[in-house]
Amino acid sequence: MPAKLNIRKLVSAAFWSVAGAGVLVLLIAAIRYRNANVCKGFHIEIAGSAPKEALFVDRKGIADILTAAGAGKGQNKPIHSFDLRHLESALGRNIWIKEAQLFFDNNDILQVKVVEREPVARIFTRDGNSCYVDSGGVQLPLPDKGQAQLPVFTGYPAVKLALHGADSLLTRNILRLAGFLRRDTFWAARVSQIAVLPGNNFELEPAAGDQRIAFGDGSDIEAKFHRLALFYKDVLARTDPGKYNRIDISYSGQIVATKTGHEHGRYDSVQGMNNIRQMIRSAQQLQPDTLRQQNVRPLEQSTPAEQSLGTLDLLPDGSDSSAKPPKNRKKTTNNK
């Protein structure tokens with residue numbers, strides 16, 4: 001019995017050795033046959049969410065890079081003469097190309113897969129220079145043709161965008177705010193530009209109106225825009241749009257509005273609700289509209305979820321320099 005088992009093992013080992021050698025021979029033959037073939041051309045594919053007509057790197061530019069890197073025109077050149085890694089590196093040196101992958105398909109066509117860097121914001125530095133930046137913080141030059149519709153930031157303190165060091169937090173906040181505006185088309189259409197202020201704070205300039213909106217730093221972005229939407233809906237929609245020249249949404253749970261030509265103060269939520277009620281009554285007297293009056297929701301039904309401005313601090317209609325600000329007010333860091 002042991003002798004038979006040993007014979008079986010030897011036969012099995014010999015069989016698999018022969019099979020492996022056969023596969024290796026076939027593989028080598030296939031590689032030699034493949035390398036003996038010639039390239040029949042390039043097929044270039046550019047991936048990205050931008051429209052094809054707005055790409056910052058085009059197929060002709062990619063083909064020119066391949067030609068300059070030794071690929072020639074591609075056609076009728078032996079496949080074994082292509083150094084694909086070298087060609088990928090040459091494409092990667094273009095600042096607009098984030099990733100490149102090259103391979104030959106079964107039809108001897110060189111497949112070129114390129115992922116383009118996608119700008120998310122345009123930034124103006126304090127010395128007047130301008131550039132694009134992608135989601136990874138890579139600084140991109142302005143293209144020779146065409147301009148992208150992106151959030152615009154002005155007053156960046158350094159010549160180059162910082163990914164490390166003192167200004168790196170500012171860069172990350174810019175990328176977060178720019179990402180929010182690109183996802184939210186409503187606010188993207190209503191924010192003209194964002195100014196970078198000392199202390200790494202932001203000030204929004206609306207596309208319509210003369211107000212300036214103190215935004216604070218890049219934290220709690222969604223909550224801040226939610227408060228701003230409530231202020232637009234419950235206050236500015238019912239009064240003269242030019243009544244307030246500055247709106248501050250940088251504080252948690254607060255809206256501080258500055259009336260045009262007046263010093264501003266902070267009042268607690270009870271005083272704020274009383275002023276809103278008076279504002280609504282004045283608007284109803286000036287523009288009697290039964291249907292509109294029926295749609296006015298009582299502010300007493302406000303909830304902690306900020307469904308109305310009843311939970312927020314507002315500047316009252318009457319200016320009172322003797323009024324005291326509320327106590328124990330929580331502020332976001334680096335806002336003032």
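Is Arg-227 buried or exposed? In this predicted model, Arg-227 counts as buried, at 4% relative accessibility. The residue belongs to helix H6, which spans residues 221–234. A polar atom of the Arg-227 side chain lies 2.9 Å from the backbone oxygen of Tyr-251.

Two salt bridges also involve residues of the stretch from 217 to 238. In one of them, Lys-224 partners Asp-217. The closest N and O atoms of that pair are 3.5 Å apart. Lys-224 and Asp-217 are both buried. In the other, the side chain of Arg-238 meets that of Asp-234, with an N to O distance of 3.7 Å. Asp-234 has a relative accessible area of 5%. Asp-234 is therefore buried, the limit being under 20%.

The whole structure holds eight salt bridges. Among them is a contact between the side chains of Asp-64 and Lys-60, at 3.1 Å from N to O. Both residues sit in helix H2, which covers residues 59–71. They are four residues apart, about one turn of the helix. Their accessibilities fall in separate classes. Lys-60 is exposed, at 59% relative accessibility. Asp-64 is partly exposed, with a relative accessible area of 39%. The value for Asp-64 lies between the two cut-offs of 20% and 50%, so the residue counts as neither buried nor exposed.

Gly-61 is another residue of helix H2. Its relative accessible area is 24%, which makes Gly-61 partly exposed. The C-alpha atom of Gly-61 is separated by 9.9 Å from that of Leu-91. Along the chain, these two residues are 30 positions apart.

The strands come next. Three of them form an open sheet, in the order S1-S3-S2. The pairing in this sheet is mixed. Strand S1 (42–47) and strand S2 (97–104) are the edge strands, and each pairs on one side only. From one strand to the next, the twist averages 15 degrees. Strands of a sheet pair through backbone hydrogen bonds, in a parallel or an antiparallel sense. For S1 and strand S3 (residues 110–116), the sense is parallel, and the pairing runs over six bridges. Within this pairing, Ile-44 stands opposite Val-112 in S3.

Helix H2 packs on the sheet and touches S1, S2 and S3. The direction of H2 makes about 125 degrees with that of S1. Helix H3, formed by residues 84–92, lies across S2 and S3. H3 runs at about 160 degrees to S2.

Cysteines were examined as well. The search of the whole structure finds zero disulfides. Cys-39 is buried, with a relative accessible area of 0%. Cys-131 also counts as buried, at 6% relative accessibility. Both values fall under the 20% limit, so neither cysteine is classed as partly exposed or exposed.

Taken by site, the charged pairs show contrasting surroundings. Lys-224 and Asp-217 form their salt bridge as buried residues. The Asp-64 and Lys-60 salt bridge joins a partly exposed residue to an exposed one. Arg-227, in helix H6, is buried, and its side chain has a polar atom 2.9 Å from the backbone oxygen of Tyr-251.

Methods
Residues are numbered from 1 along each chain as its sequence is written. This is a predicted model: local features need pLDDT of at least 70, side-chain atom pairs count only at pLDDT 80 or more; totals for chains, interfaces and linings use all residues. Side-chain values use heavy atoms; hydrogens and water are left out. A salt bridge is a side-chain nitrogen of Lys or Arg within 4 Å of a carboxyl oxygen of Asp or Glu. Helices (H or I, at least four residues) and strands (E, at least two) are DSSP runs, numbered from the N terminus. Buried means under 20% relative accessible area, exposed over 50%, partly exposed in between (1.4 Å probe, protein chains only). A disulfide is a pair of cysteine sulfur atoms within 2.5 Å. Two strands pair if DSSP finds at least two bridges between them. Axes are lines fitted to C-alpha atoms, for helices over the stretch in contact, and angles run from 0 to 180 degrees between N-to-C directions. Contact means heavy atoms within 4.5 Å. A polar contact is a pair of N or O atoms within 3.5 Å; within protein, one must be able to donate a hydrogen and the other to accept it, and residues adjacent in sequence count only if both atoms are side-chain atoms.
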